[in-house]
Amino acid sequence: MIYIFHGDNQFESRKAFGDHLDQIKNADILRLDSKNINVDQVNLFLQESSLFNNKKVLSISNLFATNKSIIDQINKLINQSQNVDVVIWQDKTLTPTQAKIFKNSQIKNFPLDNKLFLCLNAVKPKNLAKVIPLYHQVLDLGLYDLFLFFLKNNFRKQLTSYPKFSPQLTKKIYIQLIELDFKNKTGELSIPKELALEKILTNLTK
């Protein structure tokens, strides 16, 4: 069986991918990602006999980030193999064409709520009146951790691209977000994490 986890909600798709692998017992697992896929290695893994006759599991992260020839070769090897499960995670939503490449696959899509995108896009200078109400909606949906994850990534990318704020402020906020996440995970926050992030957003967008 082939299991594919994908979608813009990387946090949830990655978690589901990891949970699926954690539930597999008594199996030989080969874990690969787009940076170290070797077709010969996959072929050897699928063809060699297991010492204890265990089921084989091929786990690949971001397979669709590789070129089509590699995907086609992997697909061919899988079709030629027996007693193998394939578990794939992709860090974005697959196109309809990509989703059809592997036959008889169980595909689970993890989309992001539109309000989260709206809130992320609203984080810009002098936009406090729009940001905070959207932020509260994100909290009501239980998406605080995911919002913080994307917000940190957003500011990290802006450090080397075209920031919405000054370079100095962009770097300052990025550091504040990292510190907030760290203090929350280590129990050092003196106020609720939601309020701490709201203060950062308020100072940033007022």
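Helices, at least four residues long, and strands, at least two, are DSSP runs numbered from the N terminus. With that naming in hand, the predicted model can be explored, starting in a loop. Lysine 126 sits in the loop between H5 and H6. The phi angle of lysine 126 is near 55°, a positive value in a residue other than glycine. Lysine 126 has a relative accessible area of 75%, and because exposed means over 50%, this residue counts as exposed.

A useful partner for comparison is asparagine 62, found in the loop between strand S3 (55-61) and helix H3 (68-79). Here, too, phi is positive, at about 60°, although asparagine 62 is not a glycine. The relative accessible area of asparagine 62 is 14%, and since the limit for buried is under 20%, asparagine 62 is buried. Another asparagine, at position 75, belongs to helix H3. With a relative accessibility of 12%, which falls under the 20% limit, asparagine 75 is therefore buried. Leaving out residues up to four places away in sequence, asparagine 75 touches Ile101 and Phe102.

Attention now turns to helix H7, which covers residues 144-158. Do the ends of this helix lie where its length predicts, and what separation should be expected? At 1.5 Å a residue, the 15 residues of H7 should span 21 Å, and the end C-alpha atoms are 21 Å apart, so the two values agree. Within H7, the buried residues are Tyr144, Leu146, Phe147, Leu148, Phe150, Leu151, Lys152, Phe155 and Gln158. The buried residues of H7 pack against five helices: H1 (10-22), H5 (114-122), H6 (128-140), H8 (167-185) and H9 (193-205).

Several of these residues reappear in the largest nonpolar core, which has 29 residues. Those touching the most other members are Leu116, Phe147, Leu151, Phe155, Leu177, Leu197 and Leu201. At least two residues of this core come from each of H5, H6, H7, H8 and H9. The largest share, seven residues, is supplied by H7. A second core, separate from this one, contains 23 residues, including Ile4, Ile60, Ile70 and Phe102.

The meeting of H7 with H9 can be followed residue by residue. The axes of the two helices come within 11 Å and cross at roughly 35°, and the crossing is left-handed. On the H7 side, Tyr144, Asp145, Phe147, Leu148, Leu151 and Phe155 take part, and they meet Lys193, Glu194, Leu197, Leu201 and Leu204 of H9. By type, the residues of this contact comprise eight nonpolar, three charged and no polar ones.

Two residues toward the end of the chain numbering given here illustrate the contacts in more detail. Leucine 201, apart from its neighbours within four places in sequence, is in contact with Val123, Val131, Ile132, Tyr135, Phe147 and Leu151. Threonine 202 is found in helix H9. At 25% relative accessibility, threonine 202 counts as partly exposed, because this value lies between the limits of 20% and 50%. Again leaving aside neighbours within four places in sequence, threonine 202 is in contact with Leu128 and Ile132. The C-alpha atoms of threonine 202 and alanine 129 are separated by 9.4 Å, while the two residues are 73 residues apart along the chain.

How values were computed. Residues numbered from 1 in each chain as written. Predicted model: local features only at pLDDT ≥ 70, side-chain atom pairs only at ≥ 80, totals over all residues. Heavy atoms only, no water. Expected span 1.5 Å × (residues − 1). Buried < 20%, exposed > 50% of the residue type's maximum accessible area, 1.4 Å probe, protein only. Contact = heavy atoms within 4.5 Å. Core = buried A, V, L, I, M, F, W, Y, C linked by side-chain atoms within 4.5 Å. Axes fitted to C-alpha atoms, helices over the stretch in contact; angles between N-to-C directions. Left-handed = near helix turned anticlockwise from the far one by under 90°. Nonpolar A, V, L, I, M, F, W, Y, C, P; charged D, E, K, R; others polar.
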